[in-house]
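Open the model in your viewer and set the display to cartoon, with side chains available on selection. The stops below can be followed in order.

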Amino acid sequence: MPATVVAGNWKMNTTLDEARALAEGVRALAQGAPGVEVILCPPAISLAAVRDAVSGSPVKVGAQNIYHEDSGAFTGEIAPAMLGGICEYVIIGHSERRQLFGETDGQVNLKVKAAISHGLGPIVCVGETLEQRVAGQAAEVISGQVRAALDGIDAVNISGLIVAYEPVWAIGTGQAATPEIAGEIMGGAILDTLQSLYGSSSAEVPLLYGGSVNAGNIGDFAAQSCIHGALVGGASLQAESFMDIARMAGETKRAGG
């Protein structure tokens with residue numbers, strides 16, 4: 001059974017002082033969510049401060065993006081090796097990276113390979129647009145994104161892999177997918193694709209739902225057997241609301257969700 005994971009994507013929010021205070025707040029509440037792996041993904045400029053704030057606690061740290069090269073003339077980019085000792089995870093292929101910055105499936109694959117080669121656990125994001133869902137293409141699109149992201153990666157290298165399903169039409173809109181819609185995609189297109197690629201090894205890969213997740217709906221999502229936690233956006237910017245989500249996710253999974 002995969003671990004229960006709740007990750008907070010702070011996106012382009014928080015100053016350095018705000019990030020430190022938010023991380024300290026999460027650390028103080030972390031004992032209230034036993035059995036849940038909590039990951040904080042602050043802006044790059046705050047990674048070291050957040051790492052220091054949660055040091056000695058079970059709270060983990062993740063970056064929001066990396067570049068696939070080890071070094072070079074790539075102004076503004078962050079090489080995976082630069083994150084050594086600072087974080088354990090990195091978000092890759094978020095829909096905002098794909099839509100706003102033109103990130104392709106091929107680039108996502110290069111970043112996943114780079115993360116794995118440097119000991120970082122990739123949190124690979126996949127999701128369909130509203131147009132693709134209306135056209136009946138959701139499963140095909142999601143399966144294709146998973147296959148493209150993991151192309152050339154064998155089973156021995158997926159121990160730190162997390163896959164997050166974030167329907168583009170539900171991110172930041174307040175309109176979450178229903179648990180049934182999420183379960184259909186995650187237990188179907190995503191899990192079936194992982195199983196076809198990795199067989200029994202895929203059983204340990206946590207699948208997270210993301211898209212307007214909050215304390216009021218996480219229980220319904222976590223009750224789906226194929227959903228092992230959440231990638232949280234706006235609700236991760238307040239320690240109490242974020243840890244309420246983590247606590248409720250943990251309680252639901254322990255109850256048999």
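Start by selecting Asp105, which is partly exposed because its relative accessible area is 32%, a value that is not under 20% and not over 50%. The model is predicted, and every value in this tour is computed from it. Add Arg98 to the selection: Asp105 forms a salt bridge with Arg98, and the closest N and O atoms are 2.7 Å apart. Arg98 has 16% relative accessibility and so counts as buried.

Keep Asp105 displayed and select helix α4, residues 105–117, together with helix α6, residues 138–149. The two helices pack at an angle of about 45°, and their axes are 8 Å apart. That angle makes α4 oblique to α6. Now show the side chains at the contact: on α4 these are Asp105, Val108, Asn109 and Val112, and on α6 they are Gln145, Ala148 and Ala149. Coloured by class, this contact shows four nonpolar, two polar and one charged residues.

Next, follow the chain to the loop between α4 and β5 (121–126) and select His118. His118 is partly exposed, at a relative accessible area of 32%. Which residues does His118 contact, leaving aside its neighbours within four places in sequence? Asp70, Pro80 and Ala81 should light up. For a distance check, draw a line from the C-alpha of His118 to the C-alpha of Leu22: the separation is 27 Å in space and 96 residues in sequence.

Return to the salt bridges, of which the structure holds ten. Select Glu128 and Arg133, which form one of them, with the closest N and O atoms 2.7 Å apart. Is Glu128 buried or exposed? At 0% relative accessibility, Glu128 counts as buried, whereas Arg133, at 24%, counts as partly exposed.

Move to helix α9, residues 239–254, and select Glu251 and Arg247, which are four residues apart, about one turn of the helix. This pair also forms a salt bridge, with 3.5 Å between the closest N and O atoms. Glu251 is partly exposed at 40% relative accessibility, and Arg247 is partly exposed as well, with a relative accessible area of 30%. Then select Arg97, Glu103 and Lys111, which are joined into one network by salt bridges that share partners.

Now select Gly234, in the loop between β8 (229–232) and α9. Gly234 is exposed, with a relative accessible area of 60%. Add Asn217 and label the C-alpha separation: the two residues are 17 residues apart along the chain and 14 Å apart between C-alpha atoms.

The last stop is Asn9, in strand β1, residues 4–9. Asn9 has a relative accessible area of 5% and is therefore buried. What does the side chain of Asn9 reach at 3.1 Å? The partner is the backbone nitrogen of Lys11. Expand the selection to the contacts of Asn9, leaving aside its neighbours within four places in sequence: Cys41, Gln64, Ile91, His94, Leu231, Val232, Gly233 and Ser236.

Definitions and conventions:
Residues are numbered from 1 along each chain as its sequence is written. This is a predicted model: local features need pLDDT of at least 70, side-chain atom pairs count only at pLDDT 80 or more; totals for chains, interfaces and linings use all residues. Side-chain values use heavy atoms; hydrogens and water are left out. Axes are lines fitted to C-alpha atoms, for helices over the stretch in contact, and angles run from 0 to 180 degrees between N-to-C directions. Angles under 35 degrees count as roughly parallel, over 145 as roughly antiparallel, 65 to 115 as roughly perpendicular and the rest as oblique. Contact means heavy atoms within 4.5 Å. Ala, Val, Leu, Ile, Met, Phe, Trp, Tyr, Cys and Pro count as nonpolar, Asp, Glu, Lys and Arg as charged, and the others, Gly among them, as polar. Buried means under 20% relative accessible area, exposed over 50%, partly exposed in between (1.4 Å probe, protein chains only). A polar contact is a pair of N or O atoms within 3.5 Å; within protein, one must be able to donate a hydrogen and the other to accept it, and residues adjacent in sequence count only if both atoms are side-chain atoms. A salt bridge is a side-chain nitrogen of Lys or Arg within 4 Å of a carboxyl oxygen of Asp or Glu.
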